[in-house]
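Got your viewer open? Here's a short walk through the model, one selection after another.

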Amino acid sequence: MSYDDSNVFARILRGELPCKKVAEDEHTLAFEDINPGRAVHVLVIPKGAYVDWLDFAAKASAEEQTAFTRMIAHVAEITGIAGTGFRVVSNIGENGHQEVPHLHMHVLGGEPVGRMLS
Ligand code: AMP
């Protein structure tokens with residue numbers, strides 16, 4: 001799938017839409033999910049144009065991939081969920097029920113998140 005730069009996260013990155021920023025670095029942005037599923041629900045996205053995890057793994061630089069991985073850990077630390085546990089999940093494609101075609105990791109915690117699949 002080619003990248004569609006009209007998606008909502010691309011618009012946030014361009015400053016066309018607001019977000020509740022949690023953290024940011026050169027390669028990565030973390031912000032609150034607009035419809036939180038748990039007490040803490042943060043989305044971590046690369047600033048580069050990557051559709052999903054497959055696209056990112058294939059094309060992103062080592063520096064971007066390192067920044068992304070570390071930002072997820074940083075978000076867990078600064079939101080206070082690192083010590084109590086949390087879930088990191090990325091939905092990919094149709095069967096994965098991905099709604100926004102820009103790679104994002106959901107970081108969920110602050111309360112029990114329940115079993116992985118119902
Ligand atoms: P997914 O189904 O994995 O693609 O998840 C997309 C997520 O983006 C959902 O959890 C939405 O609540 C969230 N979302 C959609 N629009 C916005 C927005 N403008 N700001 C923050 N989160 C959003």
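Start by selecting Asn7, which is buried, with a relative accessible area of 5%. (Buried means under 20% relative accessible area, exposed over 50%, and partly exposed in between, using a 1.4 Å probe and protein chains only.) Asn7 lies in the segment before H1; helices here are DSSP runs of H or I with at least four residues, strands are runs of E with at least two, and both are numbered from the N terminus.

Before you click on, some ground rules. This is a predicted model, where local features need pLDDT of at least 70 and side-chain atom pairs count only at pLDDT 80 or more, while totals for chains, interfaces and linings use all residues. Residues are numbered from 1 along each chain as its sequence is written, and side-chain values use heavy atoms, with hydrogens and water left out.

Stay on Asn7 and show its side chain. Which side chain does it make a polar contact with? That would be Tyr3, at 3.1 Å. A polar contact is a pair of N or O atoms within 3.5 Å; within protein, one must be able to donate a hydrogen and the other to accept it, and residues adjacent in sequence count only if both atoms are side-chain atoms. Now add Asp4: its backbone oxygen lies 2.8 Å from a polar atom of the Asn7 side chain.

Next, on to the ligand. The ligand sits in the largest pocket. A pocket is worked out on a 1 Å grid over the protein atoms alone, as an open set of points with protein on both sides within 12 Å along at least five of seven lines; a molecule sits in one if more than half of its atoms lie within 2 Å of its grid points.

Pull up the shell around the ligand: 16 residues, the closest being Asp33, Asn91, Glu99, His104 and His106. A residue is near the ligand if one of its heavy atoms lies within 4 Å of it. Colour the shell by class and you get seven nonpolar, six polar and three charged residues. For that count, Ala, Val, Leu, Ile, Met, Phe, Trp, Tyr, Cys and Pro are nonpolar, Asp, Glu, Lys and Arg are charged, and the others, Gly among them, are polar.

Which element gives the most to this shell? It's H1, with three residues. Helix H1 (8-13) and strand S2 (28-32) each supply at least two.

Zoom in on the backbone around the ligand. A backbone N or O atom of Ile34 lies 3.1 Å from a ligand nitrogen. On the oxygen side, a backbone N or O atom of Glu99 lies 2.7 Å from a ligand oxygen atom, and one of Val100 lies 3.0 Å from an oxygen atom of the ligand. The protein covers 84% of the 510 Å² of accessible area that the ligand has on its own, as given by the Shrake-Rupley method with a 1.4 Å probe.

Now step to His97, in the loop between S4 and strand S5 (105-109). Most residues other than glycine have a negative phi. His97 isn't a glycine, yet has a positive phi of about 60°. His97 is exposed, with a relative accessible area of 55%.

Click on Gln98: buried or exposed? Gln98 counts as buried, at 18% relative accessibility. Gln98 also lies in the loop between S4 and S5. Measure from Gln98 to Asp52 and you'll find 8.8 Å, C-alpha to C-alpha, with their positions 46 residues apart in sequence.

Jump to Thr84, in the loop between helix H3 (62-78) and strand S4 (86-89). Thr84 counts as exposed at 67% relative accessibility. Pro112 is 28 residues away from Thr84 in sequence and 9.0 Å away in space, C-alpha to C-alpha.

Last stop: Val40, in strand S3 (residues 40-46). Val40 counts as buried at 14% relative accessibility. The C-alpha atoms of Val40 and Val107 are separated by 7.5 Å, and the two are 67 residues apart along the chain.

Definitions and conventions:
On a 1 Å grid over the protein atoms alone, a cavity is a set of points where a 1.4 Å probe fits but cannot get out, and a pocket is an open set with protein on both sides within 12 Å along at least five of seven lines; lining residues have an atom within 4 Å of a point.
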